[in-house]
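Trainee: Before I take anyone's labels on trust, can we go through what each one rests on?
Mentor: Sure, bring the structure up and ask away.

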Amino acid sequence: MSYPQRTISGVATDVFSTPVPTPSSSTIFSPQPARDYSRPNYLTRRYEIAYLSDSGTVEMTTSLAPAIPEFEEAFSSFARGTVIATTEGPVAIEDLVPGMEALTAEGRKEQIMWIGSMTLFPSRASLGLETAKMTRITTEAFGVGRPTPDLMLGNRARLLLRDARCRSITNAEAAYAPAVSFVDGVSIIEVTPAAPITVYNVVLRRHGSLRAAGLEIESYHPGGAVADRLDAQLSSLFLSLFPHVRSFVEFGPMTFPRMTSFEVEAALLG
């Protein structure tokens with residue numbers, strides 16, 4: 001399925017001012033759904049999806065879905081070019097294929113079940129959306145080889161924080177912390193892309209931490225909060241982006257708890 005690109009001041013974009021689509025039996029989303037005036041008229045965007053089917057084949061599709069944080073987080077942890085550790089050696093994230101095995105920070109080999117991507121454009125503000133932001137972690141910001149080279153992450157990516165001080169918040173000695181929590185304006189900075197940038201996320205058979213350029217980054221998991229924030233229709237739309245699962249339960253348990261930016265500050269500086 002393909003959709004024409006629209007332009008803003010000559011820059012191509014894939015954000016559309018259309019009603020939220022509804023699931024269809026023939027396609028993931030109906031291209032011209034009936035307007036429902038009882039629901040918000042969300043902007044939608046194009047999401048690219050590759051997944052491992054029940055038969056073991058790799059399937060690929062393009063879908064339109066709401067351009068809201070709960071959906072965008074599922075597609076926006078890693079910038080194009082990020083190198084991921086796999087059993088086949090380091091592989092750029094855009095070259096990963098469902099079925100490959102990632103080497104996790106937990107010492108496991110985990111099969112990649114799903115890869116999602118979307119394109120961020122610098123002119124999003126004119127569409128009524130927040131300006132696209134990325135987090136750049138410069139070489140060795142966290143110590144020797146952590147990372148190397150610079151690592152560019154999406155604004156909602158989470159790092160695996162191994163620190164005994166996490167226990168005061170999570171009752172665990174490790175937790176996933178938002179990458180933006182560590183922005184210091186010097187070695188870790190928030191940047192606005194000057195040109196379109198493709199961002200990705202990965203779902204593993206069992207949730208864990210991907211090894212990227214010497215750092216450990218959480219693989220995608222919706223957590224409990226997403227299901228709690230979405231109504232029945234949006235939940236159905238959300239799950240339709242993950243054809244390899246049939247419910248939120250099938251994402252399995254999370255390997256480590258998550259901390260908010262406020263909790264990270266309280267634990268490390270409090």
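Trainee: What makes Arg 108 and Glu 110 a salt bridge?
Mentor: Their side chains meet at 2.8 Å, N to O. A salt bridge is a side-chain nitrogen of Lys or Arg within 4 Å of a carboxyl oxygen of Asp or Glu, so the pair at 2.8 Å qualifies. Both Arg 108 and Glu 110 are buried, too. Keep in mind that this is a predicted model, where local features need pLDDT of at least 70, side-chain atom pairs count only at pLDDT 80 or more, and totals for chains, interfaces and linings use all residues. Residues are numbered from 1 along each chain as its sequence is written, and side-chain values use heavy atoms, with hydrogens and water left out.

Trainee: How many salt bridges turn up in the whole structure?
Mentor: The search finds 12. Take Glu 72 with Arg 45, where the closest N and O atoms are 3.1 Å apart. Glu 72 sits in helix 1 (residues 69-72) and Arg 45 in strand 4 (residues 44-52), so this pair ties together parts 27 residues apart in sequence. Helices (H or I, at least four residues) and strands (E, at least two) are DSSP runs, numbered from the N terminus.

Trainee: And what about Arg 158 and Glu 73, how far apart are the closest N and O atoms?
Mentor: They are 2.8 Å apart, and the pair is a salt bridge. It links distant parts of the chain, 85 residues apart: Arg 158 is in strand 13 (residues 158-162), and Glu 73 is in the loop between helix 1 and strand 6 (78-79).

Trainee: Why is Arg 158 called buried?
Mentor: Buried means under 20% relative accessible area, exposed over 50%, partly exposed in between (1.4 Å probe, protein chains only). Arg 158 has 17%, so it counts as buried. Glu 73, at 12%, is therefore buried as well. Glu 73 and Arg 158 also join Glu 218 and Arg 258 in a network of salt bridges.

Trainee: What residues line the largest cavity?
Mentor: Among them are Glu 73, Arg 158, Glu 218 and Arg 258, along with Ser 77, Tyr 220 and His 221. By class, the lining has 2 nonpolar, 4 polar and 5 charged residues. Ala, Val, Leu, Ile, Met, Phe, Trp, Tyr, Cys and Pro count as nonpolar, Asp, Glu, Lys and Arg as charged, and the others, Gly among them, as polar.

Trainee: Why is Met 60 called exposed?
Mentor: Met 60 has 69% relative accessibility, which is over 50%, so exposed is the right word. Met 60 lies in strand 5 (residues 58-66). With Val 58 and Val 97, Met 60 forms a nonpolar patch on the surface.

Trainee: What makes Glu 140 partly exposed?
Mentor: Its relative accessible area is 42%, so Glu 140 falls in between the 20% and 50% limits. Glu 140 also has a positive phi of about 65° although it is not a glycine. You'll find Glu 140 in the loop between strand 11 and strand 12.

Trainee: Which peptide bonds are cis around there?
Mentor: One joins Arg 146 and Pro 147, with omega about -5°. Another runs from Thr 148 to Pro 149, with omega near -5°. Pro 147 is in the loop between strand 11 (134-137) and strand 12 (151-154), and Pro 149 is found in the loop between strand 11 and strand 12.

How values were computed
Patch = residues over 30% accessible without salt bridge, like charges linked within 9 Å, V, L, I, M, F, W, Y side chains within 5 Å. Areas by Shrake-Rupley, 256 points an atom, 1.4 Å probe, with all protein chains shown as cover. 1 Å grid on protein atoms, 1.4 Å probe; cavity = no way out; pocket = protein on both sides within 12 Å on 5 of 7 lines; lining within 4 Å.
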